[in-house]
Amino acid sequence: MPPPPPRRHAAPMPNTVELTVPPGHWARDTDHQTGPMVPLWASVWCESYTRGFAEAFARWGYLGDGLVAVPIGGWCYVGFRPLADPGLVPVRIARAAQAAADDEHLHAARDWAEVTGPGFERQLRRLATGAGPGRLEGAVRLVREVVRARFATTCGVQELVVEWVLQAGERLGWSPERALALAAGPPRVVAELRGVLQAVQACPALAARLDRGESPALDELRADPGVAAALAAHLDRRGDTLLQVDLAGPTLAERPEHLAGAVAAAWSPYRRPPADRSAEEALLDADLRAALERARIAHPQRDDGGDLLTRCLGLLRRAALEAGAQLGLPAPSDALLLTAEELVQAQRRGRVDPEPVELRRAAHGHAGAHPPPATVGDPPGPRPDPSGLPAPAARAMQRLGASVALMSGPPVPGVPAPDGPDLVAGVPASAGRYAGVVRVARTVEEAHALEPGEVLVCPVTAPAWNLAMGRAGALVCDVGGQLSHAAITARELGVPAVVGCRTATAELRTGDRVVVDGAAGSVRRA
């Protein structure tokens, strides 16, 4: 659904040009965007995101027209759109009932795992190994379709996870973190690097160094022929992974030295025996066990979709850089300052107008130097009230609200305020207490400097942060909820974590000694 016509924004925003904001309440999308959007990124993301959520709300029977993504001041903002047509309320109520009766949520989870996800993987592989000008157009289409499909299905699929969390809380008194820990699968960082880790294990000298906590450099790893071949195969499969969810940032293939840190991060989890959850599973009756099994099918999709998306975006970046070089732009990365349609047309014509590129480069730089407010526009309106709705529709709306809170964290008032200068408070994400030295990293490249056992403090994580997270003794994030990437990965790794802290990167400094309590959601200076 396209956003409504913009209006002038009454509150001042830090920019050199007058900004306009569409009617409504808008929150900066810190879940997916860590910096301002280059025009190429905005042109493939915003409309597809909006379409995906419009489909999701219609498919799962939610009382709303969806979420809308728009660029404001160069940054991505998201707003909720209520139902424009009240006559659709009974239609949505009937849709929620039908989806529940047909168990569409479970079917959608299995479809993503068995059909849709593998289909996208094949398309990605075909484009990644192909050549020629068609790669750019193919990458644009693939990114748009992955974004749309991911958001069209994720809300409904994650209802299965939410249902398990709610049942475990109501019947057993479990916290969301405890319930989600039981639903988590094996560490993704190990699965992604298994071939490399097996090759390292076959090299006693390298294995011994990693067992001692050392981090061999990439050249040292490549000195072993078997490890070198495994690393090359890994880069061939996953080299297009963006190191940050930012099309302007590098991919793993552009910074292969990060692979050395990834191996060190994954080594301890790889050597560690799987966690024994049998005692907790023994507490479940048949109904709870069924809810858990359904949650385990759905649980991986959020991160599976995020990982696929970062690789599709990385492929788009590679294709755009190739086009920029062919067009003779001052820097190949200037191609990112064109929209997808502009870049495709320029590639077909064999030339590009340099004037808008210069203007957009300046605007993007200014946007990055002047981060905008967390929210703009009108005060947020009331959320749809599910009370009085028929049971299936009420459950759907309840699970939607719980999904948003678990993925993005509660709204600001829901995070407890610090009770003194020595406390950063957030959302409990992965249980355990840990005392260690802080390493603040605002980008995944800065996280490359993380020493084993340090407390990683960062704004938000994405799949590429798996390259470092396994080395952390604990994790603290400004952004996120208990189904955020950071929380999911921390639980898989068995690392204490607190997310949704809002100000951790501002309050803490590299070298501080802290105690992280992942069950209480607190970080205290030691």
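Into which domains is the protein chain divided? The legends below start from that division and then move to single residues and pairs in this predicted model.

**Figure 1. The protein chain is divided into three stretches of interest: domain 1, domain 2 and domain 3.** Domain 1 is built from two segments, 26–158 and 321–376. Domain 2 covers 188–267, and domain 3 covers 422–525. If you take the C-alpha atoms of domain 1 and of domain 2, the centres of these domains are 30 Å apart.

**Figure 2. Here domain 1 meets domain 2, with 12 residues of domain 1 in contact with 9 residues of domain 2.** The size of an interface is often given as the accessible area lost when the parts come together. Between domain 1 and domain 2, about 770 Å² is buried, and carbon and sulfur atoms give 56% of that area. Which residues of domain 1 lose the most area to domain 2? They are Thr34, Trp41 and Arg125, which together make up 50% of what the domain 1 side buries.

**Figure 3. A closer look at the border of domain 1 and domain 2 shows 1 salt bridge between them.** In a salt bridge, the side chains of arginine 125 and aspartate 236 meet, with 2.4 Å from N to O. The border between domain 1 and domain 2 also has a count of 1 residue pair in polar contact, both residues being at pLDDT 80 or more. On the side of domain 1 that touches domain 2, helices α1 (39–60) and α3 each supply at least two residues. That side of domain 1 is made up of 7 nonpolar, 4 polar and 1 charged residues.

**Figure 4. Aspartate 103 sits in a loop between two helices.** The helix on one side of the loop is α2 (89–101), and the helix on the other side is α3 (104–129). Although aspartate 103 is not a glycine, its phi is positive, at about 55°. Is aspartate 103 buried, partly exposed or exposed? Aspartate 103 counts as partly exposed, because its relative accessibility is 23%.

**Figure 5. Arginine 502 is a residue other than glycine with a positive phi, near 70°.** To find arginine 502, look in the loop between strand β12 (497–499) and helix α20 (504–507). With a relative accessible area of 36%, arginine 502 is partly exposed.

**Figure 6. Glutamine 167 is a buried residue of the model, found in helix α4.** Helix α4 spans residues 134–172. Why does glutamine 167 count as buried? Its relative accessibility is 18%, and buried means under 20%. Leaving aside residues up to four places away in sequence, glutamine 167 touches Leu172, Asp287, Leu288 and Ala291.

**Figure 7. Glutamate 293 and arginine 296 join their side chains in a salt bridge, 3.1 Å from N to O.** How far apart are glutamate 293 and arginine 296 in helix α13 (residues 286–326)? They are 3 residues apart in that helix, so about one helical turn separates them. Glutamate 293 is partly exposed, with a relative accessible area of 37%. Arginine 296 is also partly exposed, at 25%.

**Figure 8. Glutamate 281 and arginine 289 form another side-chain salt bridge, with 3.6 Å from N to O.** Arginine 289 has a relative accessibility of 34%, so this residue counts as partly exposed. Across the whole structure, a search finds 34 salt bridges.

**Figure 9. In this view the side chains of aspartate 512 and arginine 525 meet in a salt bridge, 3.7 Å from N to O.** The pair links distant parts of the chain, its members being 13 residues apart. Aspartate 512 belongs to the loop between α20 and β13 (513–517), while arginine 525 belongs to strand β14 (residues 522–525). Arginine 525 counts as partly exposed, at 31% relative accessibility. Elsewhere, salt bridges that share partners bring Glu121, Glu192, Arg238, Asp307 and Arg311 into one network.

**Figure 10. Arginine 349 has its place in helix α14 (residues 340–349).** Arginine 349 counts as partly exposed, because its relative accessibility is 46%. How many residues lie between arginine 349 and arginine 110 in sequence, and what is their C-alpha to C-alpha distance in space? The two arginines are 239 residues apart in sequence and 43 Å apart in space.

Methods
Residues are numbered from 1 along each chain as its sequence is written. Side-chain values use heavy atoms; hydrogens and water are left out. Helices (H or I, at least four residues) and strands (E, at least two) are DSSP runs, numbered from the N terminus. Buried means under 20% relative accessible area, exposed over 50%, partly exposed in between (1.4 Å probe, protein chains only). Domain bounds come from an automatic or database domain assignment. Contact means heavy atoms within 4.5 Å. Buried area is the accessible area (1.4 Å probe) that two parts lose on being put together, summed over both. A salt bridge is a side-chain nitrogen of Lys or Arg within 4 Å of a carboxyl oxygen of Asp or Glu. A polar contact is a pair of N or O atoms within 3.5 Å; within protein, one must be able to donate a hydrogen and the other to accept it, and residues adjacent in sequence count only if both atoms are side-chain atoms. Ala, Val, Leu, Ile, Met, Phe, Trp, Tyr, Cys and Pro count as nonpolar, Asp, Glu, Lys and Arg as charged, and the others, Gly among them, as polar.
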